[in-house]
Structure formats: C-alpha cells, structure tokens
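Hi,

Here is the structure I promised to pass on to you. Please open it beside this email, and my notes will follow below.

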Amino acid sequence: AMHSCDMSMSLLLGSIISVGTLRTIASLINERGPEYMPGTCCLDTATTSHFFGYRYDPKLEDSTGRKMTCQDQGPWHLGISEEACENAGGKWYRTPCITLQSCIN
C-alpha cells in the first residue's frame, strides 16, 4: 500500500517533493494566497495556444506588443514542481519567490 502511495505522489508532485513540503506550501497558500505557489503549469500546445503554431511562452509578443497568455492553466498542484508539470505534458514556469522576499523584508 505504501509503494502505491509513493508512486501516486511521484506522479502528482514529482519525485523530489515530500508530503511535508506539500503541506508547508498548501499552508502558505491557504494563509497568504496563491502567489506563494513555486510556479505555474501551462498545458497549451502549439495548436491550442494564444498564438497558433507556438507553444505558450510568456515572453512572446505579437506585433502590437501584446504578450501571450496561457489558455489552459493546469490544476494548482502542477505548479509545485517542474517534474509534476511535465508528468502532465505541460511547461512549468517559476513564479517570483515571494516567500524569500517576505523573509528579506
């Protein structure tokens, strides 16, 4: 039973995220908001992205300077690690480290 649980956790969160880390991140998000998530996961493909033919890229702009937006944001848990996002077929993007900034301030 424990092996099945470990396999499920690895698939959903990636192999480096522990249950304790998940609990800590979930507490931060519940107390302070979703901006404390380590990253975001975009499940867009070249055929479903804002700019047809290009996979989502937050730095890409059209001729008017409008930035690309993710059309298919993955479920919240996919933003916990790059591996979790890739397991779902997405592309992971790190968010600014607000937790570190809070410690500095």
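The notes below start with the overall picture and then go through the disulfides, the cores and a few single residues.

**Overall picture**

Please keep in mind that this is a predicted model. The mean pLDDT of the protein chain is 81, and 82% of the residues reach at least 70. Confidence varies along the chain: among its elements, strand β1 (residues 39–42) has the highest mean pLDDT, 91, while helix α1 (residues 2–13) has the lowest, 63. Where pLDDT is low, the predicted coordinates should not be read in detail.

The protein chain holds four helices and two strands, which come in the order α-α-β-α-β-α along the sequence. It has 105 residues, of which 30% count as buried. If you look at contacts between residues at least 6 apart in sequence, 58% of them join residues at least 24 apart.

**Disulfides**

How many disulfides are there? The count comes to two, and with bonded cysteines counted along the chain their pattern is 1-4, 2-3.

One disulfide joins Cys41 to Cys85, with an S to S distance of 2.0 Å. This pair links distant parts of the chain, since Cys41 sits in strand β1 and Cys85 in helix α3 (residues 82–87), 44 residues apart. The torsion about the S-S bond of Cys41 and Cys85 is about 75°, so this disulfide is right-handed. Both Cys41 and Cys85 are buried.

The other disulfide joins Cys42 to Cys70, with S to S at 2.2 Å. Here the torsion about the S-S bond is about 100°, so the Cys42 and Cys70 disulfide is right-handed. Cys42 belongs to strand β1 and Cys70 to the loop between β1 and α3, so the pair ties together parts 28 residues apart in sequence. Cys42 and Cys70 are both buried.

**Nonpolar cores**

Which residues make up the largest nonpolar core? There are eight: Ile17, Ile25, Leu28, Ile29, Tyr36, Met37, Ile80 and Ala84. Helix α2 (residues 19–32) gives the most to this core, namely three residues. Apart from this core lies another one of six residues, including Tyr56, Met68, Cys70 and Tyr93.

Met37, one of the eight in the largest core, is worth selecting in your viewer. Leaving aside neighbours within four places in sequence, Met37 is in contact with Ile25, Ile29, Trp76, His77, Gly79, Ile80 and Thr95.

**An aromatic pair**

In the other core, Tyr56 and Tyr93 also bring us to the rings. The count comes to one aromatic pair. The ring centres of Tyr56 and Tyr93 are 5.3 Å apart and the planes stand at 90°, so the pair is edge-to-face. Tyr56 lies in the loop between β1 and α3, and Tyr93 in strand β2 (residues 91–94), so the pair ties together parts that are 37 residues apart in sequence. Tyr56 and Tyr93 are both buried.

**Ser81**

Is Ser81 buried or exposed? Ser81 has a relative accessible area of 6%, which is under the 20% cut-off, so this residue counts as buried. Ser81 is found in the loop between β1 and α3. A polar atom of the Ser81 side chain lies 3.1 Å from the backbone nitrogen of Ala84, and Ala84 is itself one of the residues of the largest core.

Happy browsing, and best wishes

Note on methods. Residues numbered from 1 in each chain as written. Predicted model: local features only at pLDDT ≥ 70, side-chain atom pairs only at ≥ 80, totals over all residues. Heavy atoms only, no water. Core = buried A, V, L, I, M, F, W, Y, C linked by side-chain atoms within 4.5 Å. Buried < 20%, exposed > 50% of the residue type's maximum accessible area, 1.4 Å probe, protein only. Contact = heavy atoms within 4.5 Å. pLDDT = per-residue confidence, 0-100. Disulfide = S-S within 2.5 Å. Polar contact = N/O pair within 3.5 Å; in protein donor to acceptor, adjacent residues only side chain to side chain. Phe/Tyr/Trp six-rings, centres within 6.5 Å; stacked < 30°, edge-to-face > 60°.
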